[in-house]
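User: I've got a model open and I'd like to talk through how its side chains and strands pack. Can you take me through it step by step?

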Amino acid sequence: MACYYRQHEDTAVTVPKFTNENSSGGVTYYDIKVRVGKVEWVVERRYRDFANLHEKLVGEISISKKLLPPKKLVGNKQPSFLEQRREQLETYLQELLIYFRTELPRVLAEFLDFNKYDIIYLLQDLAKLFNESGDALLSSKKEYNLSALEVFAISERLSLPCPPSQDRGGKFDFSHVLDFCTQLVALVVTPVKDNGSYVQDYNTVDVPIGRSNIIPNRLKFNLNAFRNLKTLKFSALSTENIVDIELLKPTLLTICVHNTTIQNINQVLLCDNLHKHCDVPSLLPEEIIASSSGSSSSTSNGSALVSADAWQEITELDLTGNLLTQIDSSVRTAPKLKRLILEQNRIRTVQNLAELPQLQLLSLSGNLISECVDWHLTMGNLVTLKLAQNKIKTLSGLRKLLSLVNLDLSSNQIEELDEVDYVANLPLLETLRLTGNPLAGSVDYRSRVLARFHERAAEISLDNEPGNQQELDTALVLSALLQSKQRQQQK
């Protein structure tokens, strides 16, 4: 990202070309190329824009009126004249940069789009917004969206000496940004703002911002300015952009990362740890580990990941819409997790949940899971389990999830009605979704499923609605027949 304050000696502006809106001599636009260090961007302006800029500079700063090439009424669409004007406008801008060596007037900074790509001027826009509307934004919104560029600018500005400014303490002062950030409790970070297509554009490709060469996924930043965050959301942007997340661990309760290409949970929970791919040792007391899994899970490599990496307050982790292939051992760094949402990924097996004793909701809808083998050994306290849109055929592995209240198995591959028996015996189950499975297309499907719950049939909500009286009457008859058949088999 650009910083004219630090790199004014390595800044250049050129007007490499002009274009006509149409071949019949319409509006002429001049492409202005700005380079600050290694950062470049292009701005498109008409001569009228130059004239307006010059008028403001003459009025506010008293630069020479003769600096800008004069307007021409006749022959102003001739190629030779436009080429001459291009050269003159380039010289004009270059002389302005010489005149304003370390600090650009706001009107010139906005004309050259410094307020979109430069740390200082972008933050001046934010400062003005937060100075005027910060309190209203904090009170009216549960969360606030900042672009990767804005978060990067805040991070970089914290390490800069205070730049010269005639607005010290005024509407453009950085203190307004810091004040807003320290009060913010929910932050959403996206590649860009006010662009609904960023999920598609920035998800898998290095797409630059606007007409610049700045790639959001290559911006590394810390979040030290956001000391009271409780919720952090990243969308279409990897959390591996964060270089230091330590200060968030005492307050953060929820992390959401959506629509990225991350393949491992450690890219989120250990995003700033160089040893993220090592096995994570347990962070729970030994007696809890023994009762949960019966064995220690520490390894020699795990010594690089100690309790300092723990998220002691996080209760919800939502990683919907990524490319996760497994639940890796990094989940152990969040022992207080109550809600783990991993929908729309590529997970085939479930593991490393034994040391999450407070886990109440697990959502794995839209994955590639085909079997559930003795899940009660790793998630015995689960209340809600969502497994919609997987490839599950049998439910025997769920038969001992005794604390389960809500179970979603819609759109799987369950064919046999007998599979329902494995979950019908769960004593606390209240809601069950089976729609979208082959068995849901059978005759009297609802009554036949409710019959498996016997005397509890009236307490069950099947596919989002309880059984009606006719269904319950039929289920009562079918239940009696089932129980009679079972007694005969026992004899």
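Analyst: Sure. One thing up front: this is a predicted model. For ring pairs, the rings of Phe, Tyr and Trp (its six-membered ring) pair if their centres lie within 6.5 Å.

User: By that rule, how many aromatic pairs are there?

Analyst: Take the ring centres and apply the 6.5 Å cut-off. The count then comes to 13 aromatic pairs.

User: What kind of pair do Phe 130 and Phe 180 form?

Analyst: Their centres are 3.9 Å apart, with 5 degrees between the planes. Planes under 30 degrees apart count as stacked. So by that cut-off, the pair of Phe 130 and Phe 180 is stacked.

User: Which helices does that pair link?

Analyst: The two rings sit 50 residues apart, so to speak, in distant parts of the chain. Phe 130 belongs to residues 119-140 and Phe 180 to residues 175-183. Those are helix 6 and helix 8.

User: Are Phe 130 and Phe 180 buried or exposed?

Analyst: The cut-off for buried is under 20% relative accessible area. Phe 130 has 6% relative accessibility, and Phe 180 has 3%. Because both values fall under that cut-off, Phe 130 and Phe 180 count as buried.

User: Which residues form an aromatic cluster?

Analyst: One cluster takes in a Trp and a Phe along with some Tyr rings. The members are Tyr 4, Trp 41, Phe 114, Tyr 117 and Tyr 121.

User: Which ring face does Arg 45 lie over, and which one does Lys 249 lie over?

Analyst: Arg 45 is 5.3 Å from the ring centre of Phe 111. Lys 249 is 5.2 Å from the ring centre of its partner. So with a 6 Å limit on that distance, Arg 45 goes with Phe 111 and Lys 249 with Trp 311.

User: Is strand 9 largely enclosed or open?

Analyst: Strand 9 covers residues 254-258. Four of its five residues are buried, so the rest of the structure leaves this strand largely enclosed.

User: Which strands pair with strand 9 in the parallel sense?

Analyst: Strand 7 (residues 231-235) pairs with strand 9 over five bridges, and Ser 235 stands opposite His 258. Strand 10 (residues 316-318) pairs with strand 9 over three bridges, with Ile 255 opposite Leu 317. The parallel partners here are strand 7 and strand 10.

User: How many bridges join strand 1 to strand 2, and which residue stands opposite Asn 20?

Analyst: Strand 1 (residues 11-20) and strand 2 (residues 28-36) run antiparallel, joined by eight bridges. Opposite Asn 20, in strand 2, is Thr 28.

User: Which residue in the turn between strand 2 and strand 3 has a positive phi?

Analyst: Seven bridges join these antiparallel strands, with Ile 32 partnered by Val 43 in strand 3. Strand 2 and strand 3 form a hairpin with two residues between them. The positive phi, about 65 degrees, belongs to Gly 37.

User: In the largest nonpolar core, which residues touch the most other members, and which helix gives the most?

Analyst: The core has 136 residues, and Leu 232 and Leu 398 touch the most other members. Helix contributions are led by nine residues from helix 6.

User: What does Leu 398 touch?

Analyst: Leave out residues up to four places away in sequence. Among the contacts that remain are Cys 372, Trp 375, Val 423 and Leu 426.

User: How much of the protein chain is buried?

Analyst: The protein chain has 491 residues, with 14 helices and 17 strands. The buried share of those residues is 49%.

Conventions
Residues numbered from 1 in each chain as written. Predicted model: local features only at pLDDT ≥ 70, side-chain atom pairs only at ≥ 80, totals over all residues. Heavy atoms only, no water. Phe/Tyr/Trp six-rings, centres within 6.5 Å; stacked < 30°, edge-to-face > 60°. Buried < 20%, exposed > 50% of the residue type's maximum accessible area, 1.4 Å probe, protein only. Lys NZ or Arg CZ within 6 Å of the ring centre and 35° of its normal. Pairing = 2+ DSSP bridges. Core = buried A, V, L, I, M, F, W, Y, C linked by side-chain atoms within 4.5 Å. Contact = heavy atoms within 4.5 Å.
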